[in-house]
Structures are given as structure tokens and as C-alpha cells.
Amino acid sequence: MPRRKEQAFNEIVRRVRKECFGKGPERIHTVFVDNMAISILHGNLTPTEKFLSQTPEGAEIVRAARTNMIQTLYSQHVPDGMEELVGSKMTHLFSDFKVEEDMGVSVFIFEKPIDPYLSEPSERAHKENVE
């Protein structure tokens, strides 16, 4: 049975978040729907962010900072390996964060529909030779 791409996609997302915030999500669930990768991320907040979010004003600062940082980061550079993994160029990212639940969601939109299965190396080489 071919391996699904979600796990590899999650590893890329986790690495980017860890590099950006100093802590990656504890759990990520990604589904591919047509040309979208929808990722739900749990357990994201650092101890400092948890402390800051104890007030409504602090929670809004944390939410806005996380959302803006992710959108800025991805607009400057699509993470290494992401477009190669899904076989398409990323065109848009929508992202938001619910501080009270320590949960984020990101919707990655690509140019072409995403095949959820990883090709076997020999299958990939065959496809490249045919094209």
C-alpha cells in the first residue's frame, strides 16, 4: 500500500513552525481536498505565549502575531520540499489561530489537485521519463 503524503506534509509544517516560534505543534492533522491541504494544529503555544494570553488583550496579541508571522513567512518563501511533495505550486495560504483552544488552522491552496499517495521511486521515475 502506498504511503500517504499527509505525514510528510505534517513534518514540513512542524519544522517550519518550530523554526519560526521555537516550538512546533504537538499534533497536526492534514487532509487533501482537491487542490487544498487543510492542516489543523494542536498544542502550539510556547510557555511565554500561554502567559501572555491570560488576558483578552494578550490573547489577541498572540493570535495576531502568530497569524501574521505565518502568513508573512510563507509569502516570502514556500518551505523547502512542500511544492515538490504535492507536485504543484502553492498560490495562497489562509491561516488563523484560536488561542483559548491552543489550536491553529492553515489552508494551503495549490495550482493543481493533490494526489494523496506518495509515488514509489520507480513509478516517479517512469512518470518523469514519459513526460
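Me: The expected span of a helix is 1.5 Å times one less than its number of residues. In this predicted model, what distance does α3 reach from its first C-alpha to its last?

Reply: Helix α3 has 21 residues. At 1.5 Å a residue, 30 Å would be expected. The model comes close to that, with a reach of 30 Å.

Me: Within what arc do the buried residues of α3 fall, seen down its axis?

Reply: The buried residues are Gly 58, Ala 59, Val 62, Arg 66, Thr 67, Ile 70 and Tyr 74. They line one face of the helix, because their directions from the axis stay within an arc of 160 degrees.

Me: Which residues are exposed on the other side of α3?

Reply: A residue counts as exposed when its relative accessible area is over 50%. On the side of α3 away from the buried residues, those that are exposed are Glu 57, Ile 61, Ser 75 and Gln 76.

Me: Which elements do the buried residues of α3 pack against?

Reply: Both helices and strands take part. The strands are β3 (90–98) and β4 (103–110). The helices are α1, α2 (47–52) and α4 (82–86). The elements in full are α1, α2, α4, β3 and β4.

Me: Which residue joins Glu 60 and Arg 63 in one network of salt bridges?

Reply: Arg 63 forms a salt bridge with Glu 60, their closest N and O atoms being 3.1 Å apart. Both lie in α3 (residues 56–76), three residues apart, which is about one turn of the helix. Salt bridges with shared partners extend this pair into one network, and the further member is Asp 96.

Me: Is Arg 63 buried, partly exposed or exposed?

Reply: Partly exposed covers the range between under 20% and over 50% relative accessible area. The value for Arg 63 is 26%, so this residue is partly exposed.

Me: With which residue does Arg 15 form a salt bridge?

Reply: Arg 15 is itself partly exposed, at 35% relative accessible area. Its partner is four residues away in helix α1 (residues 6–21), a separation of about one helical turn. That partner is exposed, with 62% relative accessibility. The closest N and O atoms are 3.8 Å apart, and the residue is Glu 19.

Me: How far apart are the closest N and O atoms of Lys 23 and Glu 26?

Reply: Lys 23 and Glu 26 form a salt bridge. Glu 26 counts as exposed, at 60% relative accessibility. The closest N and O atoms of the pair are separated by 3.5 Å.

Me: How many salt bridges does the structure hold?

Reply: Among them are Arg 15 with Glu 19 and Lys 23 with Glu 26. The number of salt bridges in the structure is seven.

How values were computed: Residues are numbered from 1 along each chain as its sequence is written. This is a predicted model: local features need pLDDT of at least 70, side-chain atom pairs count only at pLDDT 80 or more; totals for chains, interfaces and linings use all residues. Side-chain values use heavy atoms; hydrogens and water are left out. A salt bridge is a side-chain nitrogen of Lys or Arg within 4 Å of a carboxyl oxygen of Asp or Glu. Helices (H or I, at least four residues) and strands (E, at least two) are DSSP runs, numbered from the N terminus. Buried means under 20% relative accessible area, exposed over 50%, partly exposed in between (1.4 Å probe, protein chains only). The arc is that of the directions from the helix axis to the C-beta atoms. Contact means heavy atoms within 4.5 Å.
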